[in-house]
Amino acid sequence: MFVLLRIRKHIVSVLFAIAFAFSLFSFSFAATQKTLNVNVIDVGQGDSILIRTPAGKNVLVDSGPNTAESAVLDFLKSKGSKKLDVIVVTHPHEDHIGNMDVIIQNFAVGKVYAPNVTTNTKAFESFLLAVKNKGLKLTVPDVGQNISPDSKVKMIVLSPNKKDKYEDLNDYSIVLKVEYGKTSFLLMGDATSNIEEKILHNSKFKAMLKSDVLKVGHHGSKYSSTSAFLNTVKPKYAVISVGKDNPYGHPSPLTLSKLKSLGAEILRTDEQGTITITSDGQTIKVDKKSSAIKPQAPPSSSTTGYKYIGNSNTKKFHYPWCTWAKKITTGHRVYFKTKEEAISKGYIPCKVCKP
Ligand SMILES: [Zn+2]
Ligand SMILES: [Zn+2]
């Protein structure tokens, strides 16, 4: 009897020790998972933003252009993301959806949100096909809807309205207000001043505009970022996702000077590479070293405005959307602006995509 009691005492203390170790473990686990990370990936001229929530959920807003395929895939893999809980396609321009097909093929995907608009480009077709082949469905979010997969974070859609019709595809951009604790981020996609004005006219949404971080609309172009809008957002940090020496002249000097006069710190992917911003719910930190893990976005000066991709191994050239073009390894990619240029350099047109 006495022996039995002693054993029992022993078991109890062992159980206590295990429980204690477990509570320590889960405490430290919770402590490391408490931040929200917003990564504005260097994709050259285009947008791709990976948000990791405190609960470890992944939200991918846009995929960048096809020229940045390996850069985006490498980045997502380097972050150990296996599942994208939410994908947001802000609008169907190639510099935002160029890699969505490959991403959907390569990762487990939860929900896919896209605006209520279509376009007849190859990039958009490939995206739709990938969604269908994976058995997924597109969801058009409602304005005012919270699409966050993490209850600690809000991701409110400020635009567009489901029934809105616009001339400019950019104005269909899903505008997201991300809030975590006392900190907030405003992601504008390529929305123009037209949308900024609309949001300012909605008193409920106007009150939500003030943000610590602004992902500046439309790569910093002069058709976005009115003074009235920026003065209401009052960002501490203004992030511009843009390619070096792009043919559009983004970002516009006017937008830059407006942001400077607001006292915002300007962060640019063409100068700093991938930008990672972290929030613990109270304060925002910018990881300026994240450019050290800068993915190998193609040197955009040589790739902007190109129409064809050649393979220096096979001496064939393709449209960028061709499945063969996508298989060319980074070291063997050659970019051409015209067919004549490719042919004059000894390249022959691909028989599949027939450029
Ligand atoms: Zn764009
Ligand atoms: Zn666009």
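**Zinc sites and fold of the predicted model**

The site of the zinc ion (ligand 2) is irregular, with angles of 86 to 172 degrees among its four donor atoms. This geometry, like every feature reported here, is taken from a predicted model. The protein donors of this ion are H91 through NE2, H93 through ND1, N170 through OD1 and D190 through OD, lying 2.1 to 2.2 Å from the metal. Along the sequence, the donor residues of the zinc ion (ligand 2) follow the spacing H-x1-H-x76-N-x19-D. H91 lies in the loop between β4 (83-88) and α3 (94-97), whereas D190 lies in the loop between β9 (183-187) and α6 (193-201), so this pair of donors ties together parts that are 99 residues apart in sequence. Both H91 and D190 are buried.

The zinc ion (ligand 1) is coordinated by D95 (OD), H96 (NE2), D190 (OD) and H219 (NE2), at 2.1 to 2.2 Å. The angles among the four donor atoms of the zinc ion (ligand 1) run from 83 to 155 degrees, and the site is irregular. The tetrahedral class requires that all angles lie between 85 and 135 degrees. For four tetrahedral donors the ideal angle at a metal is 109.5 degrees. In sequence, the donor residues of the zinc ion (ligand 1) are spaced D-H-x93-D-x28-H. Distant parts of the chain are linked by H96, in helix α3, and D190, in the loop between β9 and α6, the two being 94 residues apart. H96 and D190 are both buried. The two sites share a ligand residue: D190 coordinates both zinc ions, which are 3.5 Å apart.

At the level of the whole chain, the secondary structure comes to 13 helices and 18 strands. Of the 355 residues, 52% are buried. Among contacts between residues at least 6 apart in sequence, 65% join residues at least 24 apart. The chain exposes about 17500 Å², of which carbon and sulfur atoms supply 57%.

Two open sheets were examined. One has eight strands in the order β6-β5-β4-β3-β2-β1-β13-β14, with mixed pairing. Its edge strands are β6 (138-139) and β14 (284-287), each of which pairs on one side only. Strand β13 (residues 275-279) runs antiparallel to β14 and is joined to it by four bridges. T276 has D287 in β14 as its bridge partner. Strands of a sheet pair through backbone hydrogen bonds, either parallel or antiparallel.

Another open sheet has four strands in the order β17-β15-β16-β18, again with mixed pairing. β17 (333-336) and β18 (348-349) stand at the edges with a single partner strand each, so one side of each is left without a neighbour in the sheet. Four bridges connect β15 (residues 308-311) with β17, and these strands run antiparallel. The bridge partner of Y308 in β17 is F336.

Helix α6 follows the loop that holds D190. The buried residues of α6 are I195, E196, I199 and L200. These residues cover an arc of only 140 degrees around the axis, which puts them on the same side of α6. An α-helix has 3.6 residues a turn, so residues three or four places apart point the same way. The buried residues of α6 pack against β7 (153-159), β8 (175-180), α7 (203-206) and α8 (227-233).

Several backbone features occur outside the helices and strands. The peptide bond from S159 to P160 is cis, with omega near -5 degrees, and P160 is placed in the loop between β7 and β8. A cis peptide bond also runs from H250 to P251, where omega is near -10 degrees; P251 is found in the loop between β11 (237-240) and α9 (253-261). D245 lies in the loop between β11 and α9. Phi of D245 is near 50 degrees, a positive value in a residue other than glycine. With a relative accessibility of 56%, D245 counts as exposed, because the exposed class begins over 50%. K354, in the segment after β18, likewise has a positive phi, near 45 degrees, and is a residue other than glycine. K354 counts as exposed at 62% relative accessibility.

Key:
Residues are numbered from 1 along each chain as its sequence is written. Chains are lettered from A and ligands numbered from 1 in the order in which they are written. This is a predicted model: local features need pLDDT of at least 70, side-chain atom pairs count only at pLDDT 80 or more; totals for chains, interfaces and linings use all residues. Side-chain values use heavy atoms; hydrogens and water are left out. Donors are N, O and S atoms within 2.8 Å of the metal (3.2 Å for Na, K and Ca); water is not among the atoms, so sites may look incomplete. Four donors count as tetrahedral if all angles lie between 85 and 135 degrees; four count as square planar and six as octahedral if opposite donors are over 155 degrees apart and all others between 65 and 115; anything else is irregular. Buried means under 20% relative accessible area, exposed over 50%, partly exposed in between (1.4 Å probe, protein chains only). Two strands pair if DSSP finds at least two bridges between them. The arc is that of the directions from the helix axis to the C-beta atoms. Contact means heavy atoms within 4.5 Å. Accessible areas come from the Shrake-Rupley method with a 1.4 Å probe; for residues, only the protein chains shown count as cover.
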